[in-house]
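Biologist: Could you walk me through how to read the helices, packing and charge pairs in a model like the one we are about to open?
Modeller: Gladly; let's look at it together.

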Amino acid sequence: MIHRCLRNGSQAACILAGKDASSLGLLTADGKLVAPIGAEGFLVHLGDHDWVLSGFAAARCVAYLRDYAKRSFGTLPEARFNALRNYVGSRVSYMRLYQDIAQGRADALVASVVKA
C-alpha cells in the first residue's frame, strides 16, 4: 500500500513538474520504485495521516463550542459564533481542547480563554 502511494505520488509530482520520473531516478522504466526505499517516505506518509484524529477532533470541538456558546451567551448569529470559534482556536489548539472535552474539563479551559 505505501509502495503504491509513494509510486503514485512520485508519478503525480513528475507530471505536474513536466518531468519523467524514470529519467530522474525515482522510478524504473516499468514504473516501479527504485530500491532501496529510504525511511523518509514512510515517515512522511505516516506523519501526513494525522487527519484521521485531527479532523475528528476539530469537528467535535466546533460542536462543543457551539453548545458552550449557546449555554453561555444564548444563540449567536453565525458570524459571532465563527469569531468566538476562531478566537478560541487561536488561543488553544483543538487537540488540547478535544483532550479536555474527553476528560470533562473543557468548560474551565474555554471560560479562561474567553475571559482573556
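**Reading a helix and its partners**

Modeller: Keep in mind that this is a predicted model. Let's start with a pair inside one helix: R71 and D67 both belong to helix 3, 4 residues apart, or about one turn of the helix.

Biologist: Why does that spacing matter for residues in a helix?

Modeller: An α-helix has 3.6 residues a turn, so residues three or four places apart point the same way. Here R71 and D67 form a salt bridge, with 2.9 Å between the closest N and O atoms. D67 and R71 are also linked with D107 in a network of salt bridges.

Biologist: Are R71 and D67 buried or exposed, or something in between?

Modeller: Under 20% relative accessible area counts as buried and over 50% as exposed, with partly exposed in between. R71 has 46% and D67 has 40%, so both are partly exposed.

Biologist: Which salt bridge links distant parts of the chain?

Modeller: One is between the side chains of R66 and E78, at 3.3 Å from N to O. This pair links distant parts of the chain, as R66 lies in helix 3 and E78 in helix 4, 12 residues apart. R66 is partly exposed at 40%, and E78 is partly exposed at 44%.

Biologist: And which partner does R105 have, and is that partner buried or exposed?

Modeller: R105 forms a salt bridge with D100, their closest N and O atoms being 2.7 Å apart. D100 counts as buried, because its relative accessibility is 3%, whereas R105 is partly exposed at 43%. In total, the structure holds 5 salt bridges.

Biologist: Back to helix 3: how does its span compare with what is expected?

Modeller: Its 23 residues reach 31 Å from first C-alpha to last, close to the 33 Å expected at 1.5 Å a residue. Just after helix 3, G74 takes a positive phi of about 85°.

Biologist: Which residues of helix 3 are buried, and what do they pack against?

Modeller: A57, C61, Y64, L65, Y68 and A69 are buried. The buried residues of helix 3 pack against helix 4, helix 5 and helix 6.

Biologist: How do I read the largest nonpolar core?

Modeller: Look for the members with the most contacts: of its 17 residues, Y64, L65, V88, L97, I101 and V110 touch the most other members. Helices 3, 4, 5 and 6 each supply at least two residues, and helix 3 gives the most, with 6. Leaving out residues up to four places away in sequence, V88 touches L65, L97, V110, V113 and V114.

Note on methods
Residues are numbered from 1 along each chain as its sequence is written. This is a predicted model: local features need pLDDT of at least 70, side-chain atom pairs count only at pLDDT 80 or more; totals for chains, interfaces and linings use all residues. Side-chain values use heavy atoms; hydrogens and water are left out. A nonpolar core is a set of buried Ala, Val, Leu, Ile, Met, Phe, Trp, Tyr and Cys residues joined through side-chain atoms within 4.5 Å. Buried means under 20% relative accessible area, exposed over 50%, partly exposed in between (1.4 Å probe, protein chains only). Contact means heavy atoms within 4.5 Å. The expected span of a helix is 1.5 Å times one less than its number of residues. A salt bridge is a side-chain nitrogen of Lys or Arg within 4 Å of a carboxyl oxygen of Asp or Glu.
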